[in-house]
Amino acid sequence: MTPNNSRLGEDAEALRAILDSAVDAAFVADGSRQVIFANRSLGDLLGLTPASLLGKSLAELLQIMGASLENPQATRGRWEELWADPERTATTVLEYRTDKRLFLKETSLPVRRQDGSWLGRMFVYHDVTHEKEVDRMKTEFIAIASHELRTPMTSIKGSLDLLLGGFAGEVAGEIRELLGIAQSGCERLIRLINDILDLSKIEAGRMQLKLQAMSLFDSVQRSVRTIKSYADSFQVKIEIDCPEPLPLIVGDRDRLDQVVTNLLGNAVKFSPAGGTVTVALRARPTAIECAVIDRGPGIPPEHFGRIFGKFQQVESGAKKGGTGLGLAIAQALVYEHRGKIWVESKLGEGSRFVFQLPLQPEGA
């Protein structure tokens, strides 16, 4: 049956009217990266008519948006990546400034014709300013509450340490056991509070990195020493695999020690008694790669997408619970260093948590 051209025209006009009435700004660019559709909300956002945007290249559109975007270079790079991978769907949040500060969630997805051939990409911009403000207020509240909790908890721990150390006289038997339980619980609470404060600082953009040229190998060595007694308590051995000297990176020594220590602690927790955790370091063309490898039960593939989320845990095979913040903090700190982090795992064969950090620029 041949489609009725009149009906097709009506359908197209109806679709255009629907998209024009949408609150979210949107545009479609074809395979040659030219705008073939822009709705009224996008025109309102840019202060232009939708018709004036038709036929413009993505470069021209970005130039129009660029004056208001917080980081137009990042947007340009992201758009290049999207056109290199036609099937990819991607979401990110942009900071956009006009007469007021806006946060826009940009979602890009491929557009196909009725015959299945690739037409181009659609970009939709949803205002998430209110959600970001709520998140900011929540983060500030958590930071304040955590800070207020840390001071008395530190005092309590100090008093318990003194009592167990014999400051007020010899402590033995059941009393020592009870004080030890209180000390252990206090230490766990302090670790949780410190993790929450770190994550709050990162999310609020208040994490100040002390960047310097440094060796990631040295960071790994320090982290292994830090975690050794914990690993020994579970009869887990830690080995470093680094076959050649590595170039330097630019990083915050303390924070990268924290990343490696968090990954090692997680690997030890999921390793069998008598097992080995390996830290493998390799030089890549533009980065140093660090992989923390355990021989534990592995992670189900359906958990890959959420494993780095806050308070997320995969309990299978774990010897001891944690805060559920270690991987979230590790990911956030790697991102702060302009790096990337991911997990590779097979059930029954263990897991590899891998991160890469860019090399120190030449002449730096």
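# Helices, cores and loops in a predicted model

Reader: Thanks for walking me through this. In which loop is Arg33 found?
Author: Happy to help, and please keep in mind that this is a predicted model. Arg33 is not a glycine, yet has a positive phi of about 65 degrees. The loop that holds Arg33 runs between strand S1 (25-30) and strand S2 (35-38).

Reader: Is Arg33 buried, partly exposed or exposed?
Author: Buried would need under 20% relative accessible area, and exposed over 50%. Arg33 has 29% relative accessibility, so Arg33 counts as partly exposed.

Reader: How confident is the predictor, and what does the protein chain average in pLDDT?
Author: There is a weak stretch to keep in mind: pLDDT stays under 50 over residues 5-9, where the model has one contact beyond four places in sequence. Across the protein chain, 91% of the residues score at least 70, and the average pLDDT is 85.

Reader: Let's turn to helix H10. How many of its eleven residues are buried?
Author: Leu327, Ala328, Ile329, Ala330, Gln331, Ala332, Leu333 and Val334 are the buried residues of H10. What covers them includes H7, H9, S11 and S12. H10 is therefore mostly covered, and the number of its eleven residues that count as buried, each with under 20% relative accessible area, is eight.

Reader: At roughly what angle do the axes of H7 and H10 cross?
Author: Helix H7 covers residues 173-203 and helix H10 covers residues 326-336, and their axes come within 10 Å. H7 passes H10 in a left-handed crossing. The angle between the axes is roughly 35 degrees.

Reader: By class, how many charged residues does the contact of H7 with H10 have?
Author: From H7, Asp195, Asp198, Leu199 and Ile202 take part, and they meet Ala328, Ile329, Ala332, Leu333 and Glu336 in H10. Sorted by class, this contact has six nonpolar residues and no polar ones, and its charged residues number three.

Reader: And H9 with H10: at roughly what angle do those axes cross?
Author: The crossing of H9 and H10 is again left-handed. Their axes come within 9 Å, and the crossing angle is roughly 145 degrees.

Reader: How many polar residues are in the contact of H9 with H10?
Author: Arg255, Gln258, Val259, Asn262, Leu263 and Asn266 of H9 meet Gly326, Leu327, Ile329, Ala330, Leu333 and Val334 of H10. By class, there are seven nonpolar residues and one charged residue in this contact, while the polar ones number four.

Reader: What follows H10? Which residue takes a positive phi just after it?
Author: The loop between H10 and S11 holds a residue that is not a glycine but has a phi of about 60 degrees. With a relative accessible area of 65%, this residue is exposed. The residue just after H10 is Arg338.

Reader: Which residues have the most contacts inside the largest nonpolar core?
Author: In soluble globular proteins, nonpolar side chains tend to be buried together. Here the largest nonpolar core has 44 residues. H7, helix H8 (216-233), helix H9 (253-269), strand S9 (276-283), strand S10 (287-294), H10, strand S11 (340-346) and strand S12 (350-358) each supply at least two of them. Those with the most contacts inside the core are Ile238, Leu264 and Phe355.

Reader: How many residues does the other core have?
Author: It lies apart from the largest core, and Ala38, Ala90, Phe123 and Tyr125 are among its members. The size of this other core is 24 residues.

Reader: Is Glu289 buried or exposed?
Author: Glu289 is found in strand S10, and its contacts beyond four places in sequence include Trp342, Val354 and Phe355. From the side of Phe355, the contacts likewise include Glu289, along with Ile288 and Cys290. The relative accessible area of Glu289 is 10%, and therefore Glu289 counts as buried.

Reader: By how many Å are the C-alpha atoms of Glu289 and Leu357 separated?
Author: Along the chain, Glu289 and Leu357 are 68 residues apart. In the model, the separation of their C-alpha atoms is 6.7 Å.

Reader: Last one: what is the relative accessibility of Trp79?
Author: Trp79 lies in helix H5 (residues 72-84). Not counting residues up to four places away in sequence, Trp79 touches Phe27, Leu58, Leu61, Leu62, Met65, Glu106, Phe123 and Tyr125. Trp79 counts as buried because its relative accessibility is 4%.

Key. Residues are numbered from 1 along each chain as its sequence is written. This is a predicted model: local features need pLDDT of at least 70, side-chain atom pairs count only at pLDDT 80 or more; totals for chains, interfaces and linings use all residues. Side-chain values use heavy atoms; hydrogens and water are left out. Axes are lines fitted to C-alpha atoms, for helices over the stretch in contact, and angles run from 0 to 180 degrees between N-to-C directions. Helices (H or I, at least four residues) and strands (E, at least two) are DSSP runs, numbered from the N terminus. A crossing is left-handed if the near helix is turned anticlockwise from the far one by less than a right angle, and right-handed if clockwise. Contact means heavy atoms within 4.5 Å. Ala, Val, Leu, Ile, Met, Phe, Trp, Tyr, Cys and Pro count as nonpolar, Asp, Glu, Lys and Arg as charged, and the others, Gly among them, as polar. A nonpolar core is a set of buried Ala, Val, Leu, Ile, Met, Phe, Trp, Tyr and Cys residues joined through side-chain atoms within 4.5 Å. Buried means under 20% relative accessible area, exposed over 50%, partly exposed in between (1.4 Å probe, protein chains only). pLDDT is the predictor's confidence in each residue, from 0 to 100.
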